[in-house]
Amino acid sequence: MAMSSAVAIDPSGAKPKPLFAPGRVLIYSLLIVTSIYYLVPLYVMIITSLKDLDQIREGNIFIPTLKPSFDAWVKAWSQACTGLNCTGLAPGFWNSVFITVPSVIVSIAVASISGYSLAMWPFKLAEWCFTILLVGSFIPYQVFLYPLVIITREMGIYSTLYAVIFVHTVFGLPILTLLFRNYFASLPNELFKAARVDGAGYWRIFFRVLAPMSLPIFTVAVILQVTGIWNDFLFGVIYAGPTNYPMTVQLNNIVNSLQGVKEYNVEMAATILTGLVPLTIYFLSGKYFVRGIAAGAVKG
Amino acid sequence: MSEVKRPNPLFRNLTSKLAASPMIFIVLVVFVGSTMWTVASSFTGIKTLPIFTPQEFYDNWVGWDQYVRLWNTPRWITSITNLAIYGILYSGFAFVIGFLLAVLMDQKIRAEGVFRTIYLYPFALSFIVTGKVWAWVLNPAFGLEKTVRDMGWTSFSFDWLTNRDMAIYTVVIAGLWQGTGLVMALMLAGLRSIDDEIWRAARVDGIPKWRTYLQIVVPMMRPVMITIFVIVASGSVRVYDLVLALTQGGPGNSSQVPSMYIYEKLFVGALAQGTAASSVLLLATAIILIPWIIVEFGKKSRE
C-alpha cells in the first residue's frame with residue numbers, strides 16, 4: 001500500500017562500474033543511440049522555428065541556420081491566422097490558463113477530500129464507488145462524450161468555462177483519488193487516533209494535521225493535473241465553447257488553416273510555444289512527475 | 001426494558017459522507033449513468049434528441065440495427081482495422097522497447113537521470129504537439145525523405161505520411177515516441193522493486209544475467225507487467241488527437257480511427273450510431289481489462 005516503496009525509482013546498491021569495460025560500452029552506445037531518436041524531433045522543431053521560409057525551402061531540416069531569428073515566434077504568438085482571425089496563439093494561451101488554474105484547484109480539492117474520506121472515515125457506499133471509479137478510469141472517453149453534453153446542459157453550463165472545469169474534475173478523479181487515498185492510508189494511524197482523542201473532527205484533522213504534512217503528494221497532483229489539462233484537446237473542443245478554446249485547439253486550427261503559403265517556421269514556433277508550459281514543468285520537477293505517472297500503475 | 005436510543009447508522013460519519021458526495025455523484029451519474037445510457041441508446045434509432053424514460057426507450061427500440069449498419073459501413077471497417085493495427089503495434093513495441101530501456105537503465109549506469117529525462121520528456125507533451133512535430137519530420141517534401149535524397153540516395157522513398165497504405169504506421173511511430181518513456185519508467189519502478197537477495201542468489205548459483213532477467217525477474221514482475229499492458233492498451237483505444245494532428249485521418253479516409261467516426265456521428269445527428277460505435281470500444285476495453293481485473297481483485301480475495 002505504501003507509495004514510497006512502490007515507486008522506488010532511485011538507484012540503489014553499488015557504485016557505477018568503470019566507463020570503458022566492453023559490456024559498458026555496448027550499454028552506453030545503445031542508450032545514446034536511442035536518446036538521439038528521442039531528441040531529434042525537439043531539435044528539428046527548434047531549429048525550424050528559427051529559420052526563415054527561404055532557408056527552409058533551400059536547406060535541410062536537420063541543419064541549423066547561421067542566422068537565427070525569432071520572427072516566427074513573434075508571428076506565431078500574436079499574428080498567425082485561423083480563418084479570418086489573425087490573433088496568433090496568445091488568446092489560446094490565456095484560455096488555457098483560465099481553464100487550467102481552476103480545473104487543477106477544483107479537481108484536487110474534490111479528489112483529496114474523497115481520498116481522505118476513503119482512507120480515514122470509510123463507509124461502504126464510498127468504497128464501492130471507488131472500485132467503480134478504478135475500473136471506470138479505463139473506459140474510453142467516447143462513451144461519456146454525449147452524456148456529458150447532456151449533464152452540463154442540464155446544469156446550465158454547457159459551452160462555458162465551467163463545463164470544461166467540471167469535465168476535467170470528472171476525469172481527474174480516478175487517478176487523483178487513488179493517489180491521495182494511498183498516501184493518507186500510508187501515514188501512521190496513531191496520528192489520526194491522537195487527533196481524534198484531542199477532539200478534532202473531520203475538517204480539523206484534514207486541514208490542521210494531514211494537509212500540512214502532505215505537501216509532496218499535493219505537488220505530485222498539481223504537476224499531474226497541470227500537464228494533463230494543458231495538453232487536453234478533446235474536452236476543450238467539445239465543452240469550452242469557441243471563445244474559450246485552449247491553446248492545443250488553437251494550434252491545430254492555425255496549422256490546419258490552408259490559406260496562403262504554408263509557413264512551416266511559424267507552425268513549428270507555435271508548436272513549441274504550446275509545448276513550453278508542460279515541458280518547463282517537466283524539466284523543473286523531474287522526480288515528482290515520475291512519481292505522479294507511476295502512482296497510477298504501481299498501486300498497492 | 002430500558003431502551004438506549006441508538007444513532008441511525010445512516011448518520012454515522014456524516015461529515016465524511018457529505019464530503020465524499022461529489023465523488024459519489026460523479027461515479028453514479030457520470031461513470032455508471034453515462035455508460036448505461038450510451039449502451040442503451042445504441043439499441044434505439046435516436047438521431048439528434050437524447051431520450052431518458054423507459055417508455056421513450058421502448059418506443060425507439062430497434063434492436064441490433066445500429067450495429068448491423070455499423071459493420072456494413074466501409075469507413076468504420078477502415079477505422080477499426082486501423083485501430084487494431086495501431087493498438088497491437090503500439091502496445092507491443094512500447095512494451096518491448098520500454099522493457100529493454102528499463103533493463104539498460106537498471107545496469108547501475110552513470111547519468112541515469114539525464115537518460116530518464118530524455119526518454120520521458122515527450123510524454124509531457126500533448127498529442128497535438130507530438131503530431132505536428134512528426135508531421136514536419138516525416139513531411140516528404142522537406143523532411144527525412146528530402147534529406148536522404150539530398151545526401152545522394154536519389155531513389156530513397158519515405159512517403160508514409162502521404163501514402164494511403166502506410167499513413168497509419170506514422171501514427172505508430174509518433175505514438176511510440178510519445179509513450180515509450182512512460183513504459184520505461186513504470187518497468188524500471190517494477191525492476192527496482194525486485195529484492196536484491198534474488199539477484200545475489202542468482203549470482204551465487206552462477207546463473208547468467210540475461211537468464212536471471214528472463215526466467216526469474218520477468219515472471220516475478222507479472223502483476224506489474226499486466227497493469228502496464230492494460231494502461232498502454234486501453235490508452236491506445238482512445239487514440240484521437242494524435243491522428244487528427246498528424247494525418248487528419250488521411251490521405252482520404254485511410255488513417256481514420258473509431259474516435260473520429262464516433263465524434264462525427266454524435267454531433268451531426270446520428271446519435272444512436274455514435275453510441276453503438278462507442279459501445280464497441282467499450283467492449284474492446286472490457287476485453288483488455290479482464291487480465292487486470294483477475295490480478296487486482298483476485299489478489300484481494302486471496303488475502
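How many Å apart do the C-alpha centres of domain 1 of chain A and domain 2 of chain A lie? In this predicted model, the two centres are 33 Å apart. The domain assignment places domain 1 of chain A at residues 15–69. Domain 2 of chain A covers 90–297.

The two domains do meet. On the domain 1 side, 8 residues are in contact with 7 residues of domain 2 of chain A. Two helices of chain A, α2 (22–49) and α3 (53–58), each supply at least two residues of the domain 1 side. The largest share comes from α2(A), with 4 residues. By character, the domain 1 side divides into 4 nonpolar, 2 polar and 2 charged residues.

Now turn to a contact between chains. Two packed helices are described by the angle between their axes and the distance between the axes. Here the pair is helix α6 of chain A (residues 124–136) and helix α1 of chain B (residues 14–41). Their axes come within 10 Å and cross at roughly 50°. That angle lies outside the 65 to 115 degrees counted as roughly perpendicular and is not under 35, so α6(A) is oblique to α1(B). The crossing of α6(A) past α1(B) is left-handed.

Which residues make this contact? From α6(A) come Leu125(A), Ala126(A), Cys129(A), Ile132(A), Leu133(A) and Gly136(A). From α1(B) come Ala20(B), Met23(B), Ile24(B), Val27(B), Phe31(B) and Val32(B). The residues of this contact comprise 11 nonpolar, 1 polar and no charged. Gly counts as polar, so the polar residue is Gly136(A).

Definitions and conventions:
Residues are numbered from 1 along each chain as its sequence is written. Chains are lettered from A and ligands numbered from 1 in the order in which they are written. This is a predicted model: local features need pLDDT of at least 70, side-chain atom pairs count only at pLDDT 80 or more; totals for chains, interfaces and linings use all residues. Axes are lines fitted to C-alpha atoms, for helices over the stretch in contact, and angles run from 0 to 180 degrees between N-to-C directions. Angles under 35 degrees count as roughly parallel, over 145 as roughly antiparallel, 65 to 115 as roughly perpendicular and the rest as oblique. A crossing is left-handed if the near helix is turned anticlockwise from the far one by less than a right angle, and right-handed if clockwise. Two residues are in contact if their C-beta atoms, placed from the backbone, lie within 7 Å. Domain bounds come from an automatic or database domain assignment.
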